[in-house]
Amino acid sequence: MLRRVVAVEIEVTKELNKLLCSVETAYLGIIREVVEYAVANNVTSATQLHGLFYSKYRQEYQDLHSHLVIQAIRQAAQIAKSFVKRRKKGLVSKTYPEVKTVSIRFTEFTWSYEQFIRSTAPVGVELSLLGGRREVWLRLHKRSWLYWWRVLTGEARLTSTLIIKRKTNKWYAIFIFEIKPKEGTPQSVISFDINENTVAVGRIDLLTTVNEVTNWNKQYMVPELYAIRTDFGRLARRYEKVRNAIIERLKPHFALPNGKYVNVTSTREFRKRVKRLREEERKVGRVRHVANELTRIPAIIITEELGENTQESMIDGIEKDELRHRIKQTPFKAVERAVGDKALERGSKLIRVSSYRNSRVCPIHFTRLERTDDWHVLKCPLGHLVDRDYASILNMAWKTTPEGWVKGVWWNLRREINWREHEDKSNPIIPHPIMQYIHAVLKTFTASEQSPAMPARGKPMNHHRRSQ
Ligand SMILES: [Zn+2]
């Protein structure tokens, strides 16, 4: 099940603010006390903690709804549990977890869930605050209406727990939607490969209409190769420079009497300034852009199997410090996760193939590619050049077909291959006809006069806008 979280600001009067703050204080107080007890006595079972504390807090906070007390104890149990677990692994230095902020959990008993989901256009909720229910108004926005529309059309469901949270003196109601994954008929096969500054994309359109099939021609038999610009590497380098400038500027303020400097990067001042740069937000924005672009229409999406420690294995053998650093900055996993998530939501399927020798083999002749002066361009011993990124995405597509799988994996083995053995090995996720189609397109492509022209950067790798 896919989850989407939507935060909506609450309209708060002075009086309501006071009320919410006192609920927060009581709720946080319970959590802190229970966590402290739980960690000190190594009791992290929610049931046990409930038994120990429930009546005590019911007495102490008589105005607080009993279900808020229950939730606070439960939340404390979770916090304590994860703290104890991390302590066992030696990941914590403190004796107690410091609970600074809190998300107040309103279950269906403490807010007007039933009423809310029966409404066609809900604009407010009722919350059980101290001394009874209060109606609060929501500042709904485009995104929240979008999800609400999905609830009405049956594509999504609103879960019954509402989270209320304060952030920089504003109050938010956080709704959690569960989205049903879509079932889509794939319209194309897309393979993608994440690089430092681009995401290379190879796309084979599937013939979905009779009309296209009758007009079957080469146009459809050529995989479209293009790149989406991300500039993760450039972004990282730019921010690195800015960060260094900040360090230099702050240094004089943190000089010690002996002439040395405090480690500026661990100061509050530094962290505050770095936060203002919003590097992470920019990165996330670009990651989302890639995911949107790749999942716009239902497709079979092929990508590399990323290992546990992708970055580490990628920089293995790379000497240049700068390049090592840049690869570390590229959010491979984040892109992959975002694409997988969006794919599920929009009815695409994500398929992972082994990354083995993806950019070392000629996707046309299955020979080993040689290096040239240009890192991006490789040379086939049969006399043509190949763009490294294009080789990689085409080889990924090949790997979904039995022939490509065998050749791509065993290209350098000088032994007899028993083709029969691999013939029936069809991919369980890709429907057989589609696999055959991918195979046919790649075969035609390798036989066409276009393939020697596929070499080094047929088109410039600029940001691509597809004309439909
Ligand atoms: Zn070749």
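At what angle do helix H10 and helix H13 pack, and how far apart are their axes? In this predicted model, local features need pLDDT of at least 70 and side-chain atom pairs count only at pLDDT 80 or more, while totals for chains, interfaces and linings use all residues. Residues are numbered from 1 along each chain as its sequence is written, and side-chain values use heavy atoms, with hydrogens and water left out.

H10 (residues 279-294) packs against H13 (residues 332-346) at about 40°, the axes being 8 Å apart; helices here are DSSP runs of H or I with at least four residues, strands E runs of at least two, and angles run from 0 to 180 degrees between N-to-C directions, with axes fitted to C-alpha atoms. That angle makes H10 oblique to H13 (under 35 degrees is roughly parallel, over 145 roughly antiparallel, 65 to 115 roughly perpendicular, the rest oblique). On the H10 side, Val 287, Val 290, Ala 291, Asn 292 and Leu 294 meet H13 residues including Ala 334, Val 335 and Arg 346, contact meaning heavy atoms within 4.5 Å.

Then there is the sheet: five strands, open, with mixed pairing and the order S10-S9-S8-S11-S12, where pairing takes at least two DSSP bridges between two strands. S10 (224-229) and S12 (349-353) sit at the edges with a single partner strand each, so one side of each lacks a neighbour in the sheet. Neighbouring strands are turned by 25° against each other on average, direction ignored. S9 (residues 198-205) and S10 run antiparallel, joined by six bridges; Arg 203 has Glu 224 in S10 as its bridge partner. H10 turns up again here, packing on the sheet and touching S8, S9, S10 and S11, with its direction at about 155° to that of S10.
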